[in-house]
Amino acid sequence: HAAAVTSVPWQLLQLAETSTPGHVKMWFLAGPRLLSVTLLLPRSLLVDSHLPQPQQLEEAIREGVAGGGGAAAAAAGGLQLEVVRAASVTLPGGRRPANVYRVTLPESQYRALAPRLSSALSAPHVAGVYEDRLPATLPAVLALG
């Protein structure tokens, strides 16, 4: 069954958000068959920071989310965060970037911690945050073509 699906071209028909944050149902044609799979899509955004190393930005975000203690601090401890240097990025308005990083985390954590993340990303070392308001399905459409 799997070999029959992977040996033919797919035609993407629809990406539909589900009731679970970060889960998207993809409907596609594989040959004559209509199929669906559920994709788990993380939230990804770009951060232009004056911090020179990705590890420094990751630590600053974790500390910013944990600030104030309580449940948010506990959630920050389990924050599944990935910070990597973004390759070849052109910023709006021709702005010159300092250090641009791609920050990725599960959509459910992004939504649960949104106010604290916003506060953490408003720190003085952050020059700008980009792609943070894109619909969850847009990066998937761009990646799948």
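**Entry 1: Trp-27 and its neighbours**

I looked up which residue stands opposite Trp-27 in strand E3, and I found Ser-36 there. The model I am reading is a predicted one. Trp-27 itself lies in strand E2. On its other pairing side I noted Gln-14, which stands opposite Trp-27.

I then asked whether Trp-27 is buried, partly exposed or exposed. Its relative accessibility is 30%. Buried means under 20% and exposed means over 50%, so Trp-27 counts as partly exposed. I also recorded a nonpolar surface patch of about 280 Å², made by Leu-13, Trp-27 and Leu-34.

**Entry 2: The two faces of E2**

I followed the side chains along E2 and noted where each one points. Val-24, Met-26, Phe-28 and Ala-30 point to one face and are buried. His-23, Lys-25, Trp-27 and Leu-29 point to the other face and are not buried. This fits a general rule, by which side chains in a regular strand alternate between the two faces of the sheet.

**Entry 3: The partners of E2**

How many bridges join E2 to strand E3? I found eight, and the two strands run antiparallel. E3 covers residues 33-40. The hairpin of E2 and E3 has two residues between the strands, and in this hairpin Gly-31 takes a positive phi near 65°.

Next I turned to strand E1, residues 10-17, which pairs with E2, residues 23-30. This pairing is antiparallel as well and extends over seven bridges. One of the bridge pairs I noted joins Glu-17 to Val-24 in E2. The hairpin of E1 and E2 has five residues between the strands, and Gly-22 takes a positive phi near 90° there.

**Entry 4: The nonpolar cores**

I looked up the largest nonpolar core and found that it has 19 residues. Those with the most contacts inside it are Val-47, Leu-57, Ile-61, Leu-81, Val-103 and Leu-117. Four elements give two or more residues to this core: strand E4 (43-49), helix H2 (54-66), strand E6 (99-105) and helix H5 (114-120). The largest share, four residues, comes from H2.

I chose Ile-61 for a closer look. Leaving out residues up to four places away in sequence, Ile-61 touches Leu-81, Val-103, Leu-117, Ala-120 and Leu-121. I also recorded a second, separate core of nine residues, which includes Val-5, Val-24, Leu-41 and Ala-140. Val-24 had already appeared in my notes as the bridge partner of Glu-17.

**Entry 5: Asp-132**

Where is Asp-132 found? I located Asp-132 in the loop between strand E7 (126-130) and helix H6 (138-144). Its relative accessible area is 19%, and the cut-off for buried is under 20%, so Asp-132 counts as buried. Apart from residues up to four places away in sequence, Asp-132 touches Arg-43, Leu-45 and Tyr-110.

**Entry 6: The chain as a whole**

I closed with the whole chain, which has six helices and seven strands. Read along the sequence, their pattern is α-β-β-β-β-α-α-β-β-α-α-β-α. The C-alpha atoms fill a box of roughly 55 × 40 × 25 Å along the principal axes. Of the 145 residues in the chain, 34% are buried. The accessible surface comes to about 8,400 Å², and 57% of this belongs to carbon and sulfur atoms. Among contacts between residues at least 6 apart in sequence, 58% join residues at least 24 apart.

Key. Residues numbered from 1 in each chain as written. Predicted model: local features only at pLDDT ≥ 70, side-chain atom pairs only at ≥ 80, totals over all residues. Heavy atoms only, no water. Core = buried A, V, L, I, M, F, W, Y, C linked by side-chain atoms within 4.5 Å. Buried < 20%, exposed > 50% of the residue type's maximum accessible area, 1.4 Å probe, protein only. Contact = heavy atoms within 4.5 Å. Pairing = 2+ DSSP bridges. Patch = residues over 30% accessible without salt bridge, like charges linked within 9 Å, V, L, I, M, F, W, Y side chains within 5 Å. Areas by Shrake-Rupley, 256 points an atom, 1.4 Å probe, with all protein chains shown as cover. Salt bridge = Lys/Arg side-chain N within 4 Å of Asp/Glu carboxyl O.
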